[in-house]
2 protein chains.
Amino acid sequence: EEQLQAMIPQGHRDYVEAVLGRYGVPQLAADAESPMSLLGWVPGKARNSVDVALEHPIRLLVNALGPPPPDVTEKAHAHGVLVAALVGSAAQARKQREAGVDIIVASGTEAGGHTGDIATMVLVPEVVAAVGGAPVLAAGGIGSGKQAAAALALGADGIWTGSIWLTVKESDSSEALINKMLRATSSDTVRSRSMTGKPARQLRTPWTEAWDGADSPGTLPMPLQFMLTADAQARMHRAALATPEAPAAELVTTPVGQIVGSMNSVRSARDVIFDIVTEFTETAARLSALGSG
Amino acid sequence: EEQLQAMIPQGHRDYVEAVLGRYGVPQLAADAESPMSLLGWVPGKARNSVDVALEHPIRLLVNALGPPPPDVTEKAHAHGVLVAALVGSAAQARKQREAGVDIIVASGTEAGGHTGDIATMVLVPEVVAAVGGAPVLAAGGIGSGKQAAAALALGADGIWTGSIWLTVKESDSSEALINKMLRATSSDTVRSRSMTGKPARQLRTPWTEAWDGADSPGTLPMPLQFMLTADAQARMHRAALATPEAPAAELVTTPVGQIVGSMNSVRSARDVIFDIVTEFTETAARLSALGSG
């Protein structure tokens, strides 16, 4: 990890402080503890997480950003745990299946977080055709019963939802972020490399724009970009939390998909599920009438 | 039009010739007639096209790139012709309705040609909700009965297809382009401003890449970019047509959506329609069973 830290150019560190400075975010105290967590993006970290997960009564282990190593899949299977993986193309789906992954999550460009550029409407039928009968869940752009019905019409065996849970009553997102999401339209997200070095869809803010701007030094490859910016993310959130009207609140962003445009009120998780199921049933009946009409 | 021509920087003209030169496309003869057609992108041109269209027994007039002027809509209505418009956001849909447009075509980012960045899965429900009962057709990512069923599940009243017709037996696309489309995957398109100055999805080629490259002078605003490059497009097509193995063949591109990845054989238009209808009916029955199961 120290070797990786040494690979981050000083110019990039200076740029981060320059952007934060413009929005009144305090400098990191020299003795502050870094809140950075490298998740599974550097060797060693992912296997620890898998071991911890398998000590609990889980049913499914899901990964993204590439096929898991064979020993991880074998270990999961030995524990009776199925392995799923998020993919953005039919070619990635085939690679995951070759690596022993049980369930493929076809995640369209409209999804929040790391995402490719192929839309769910096109991706799902291609992935279903590519994996020869393996179960496929559709992800990206799905937060209602109509969208769930569309996903199943495309050939998916089920749906995988993410963004829709960020604004429920039970969400642990900060109030500042929840209010931002409630106000956002589907045009207010952007696929940006600013968070991790790989394209991840998130709310567009002056922070994401700063990395696309003319004076941007460019983003670093994963995991360096995350190492460079994780502290900055934590500091802008702290500054925004301390003073909601502070300029720092403008900077805070979160991974979220294009359905953020229809996330306009805080509902309970129970109501979200109920609405999806009810609307799905109505939609299936409506299509049935059209199909036989 | 001469005034517009004068607004094109010489550096941009030189860049076009430099890229074409790398691929062996001959210079434009000084006395050659320009094949350029500005369509409706400059004042005066669009109204002429409307007048010609209304002299024929047409049922529908469809426009893109912004609401039609009131007199055009009124003239169409006076002829008993309905007016439709392509939109990429709910806000655009509301503007079109305020301008008197009858039918809204909600066109997702996966569509070919001019397109926004919101995917069909997200866009269609938003547009349906925004236009309060006006008919909505779904476009973008639709070339099969499954995709048609998904579009109707999302709330569309019908579908609007484009790309799927580019590789049918009856297509007037060149053989070089048809072969390129048959080979392309859904990752082989790009939203590029290189054709018209506004983002239009098309096959990614060294030509589109040249406009995103480090030495690109940047694209010009509509209609200047089209005026700058229309001759170049015609010349690279002629060079590719004359010698299919010529490097110029690499340059030729065409507007097409992400479903190009599933356009892998030449079928008759009749078979395409039959397949869509058959698969739609099967899909509706399958969903009906799920909805009541």
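**Notebook: interface and sheet**

I looked for salt bridges between chain A and chain B and recorded a count of 0. The model is predicted. I then turned to polar contacts and noted 13 residue pairs across the interface of chain A and chain B, both residues of each pair at pLDDT 80 or more. On the side of chain A that touches chain B, I listed the elements that give two or more residues: helix 6, helix 7 (145–153) and helix 12 (269–292) of chain A. Helix 12 of chain A contributes the most, with 9 residues. I sorted this side of chain A by class and entered 17 nonpolar, 14 polar and 5 charged residues.

Next I took the extent of the contact. I found 36 residues from chain A and 36 residues from chain B taking part. For the area buried between the two chains I entered about 2,900 Å², with carbon and sulfur atoms giving 63%. In chain A, I noted that Met121(A), Ala153(A) and Leu287(A) lose the most area to chain B, together 21% of what that side buries.

I then examined the sheet of chain A. I recorded an open sheet of 5 strands in the order 1-2-3-5-6, with parallel pairing. Strand 1 (60–63) and strand 6 (158–160) of chain A each have a single partner strand, so one side of each has no neighbour in the sheet. I entered an average twist of 30° from one strand to the next.

Strand 5 (residues 136–139) of chain A pairs with strand 6 of chain A in the parallel sense over 3 bridges. I traced the bridge partner of Ala138(A) in strand 6 of chain A to Ile159(A). Finally, I located helix 6 (residues 120–130) of chain A across strand 2 (82–87), strand 3 (103–107) and strand 5 of chain A, at about 155° to strand 3 of chain A.

Conventions:
Residues are numbered from 1 along each chain as its sequence is written. Chains are lettered from A and ligands numbered from 1 in the order in which they are written. This is a predicted model: local features need pLDDT of at least 70, side-chain atom pairs count only at pLDDT 80 or more; totals for chains, interfaces and linings use all residues. Side-chain values use heavy atoms; hydrogens and water are left out. Two strands pair if DSSP finds at least two bridges between them. Helices (H or I, at least four residues) and strands (E, at least two) are DSSP runs, numbered from the N terminus. Axes are lines fitted to C-alpha atoms, for helices over the stretch in contact, and angles run from 0 to 180 degrees between N-to-C directions. Contact means heavy atoms within 4.5 Å. Buried area is the accessible area (1.4 Å probe) that two parts lose on being put together, summed over both. A salt bridge is a side-chain nitrogen of Lys or Arg within 4 Å of a carboxyl oxygen of Asp or Glu. A polar contact is a pair of N or O atoms within 3.5 Å; within protein, one must be able to donate a hydrogen and the other to accept it, and residues adjacent in sequence count only if both atoms are side-chain atoms. Ala, Val, Leu, Ile, Met, Phe, Trp, Tyr, Cys and Pro count as nonpolar, Asp, Glu, Lys and Arg as charged, and the others, Gly among them, as polar.
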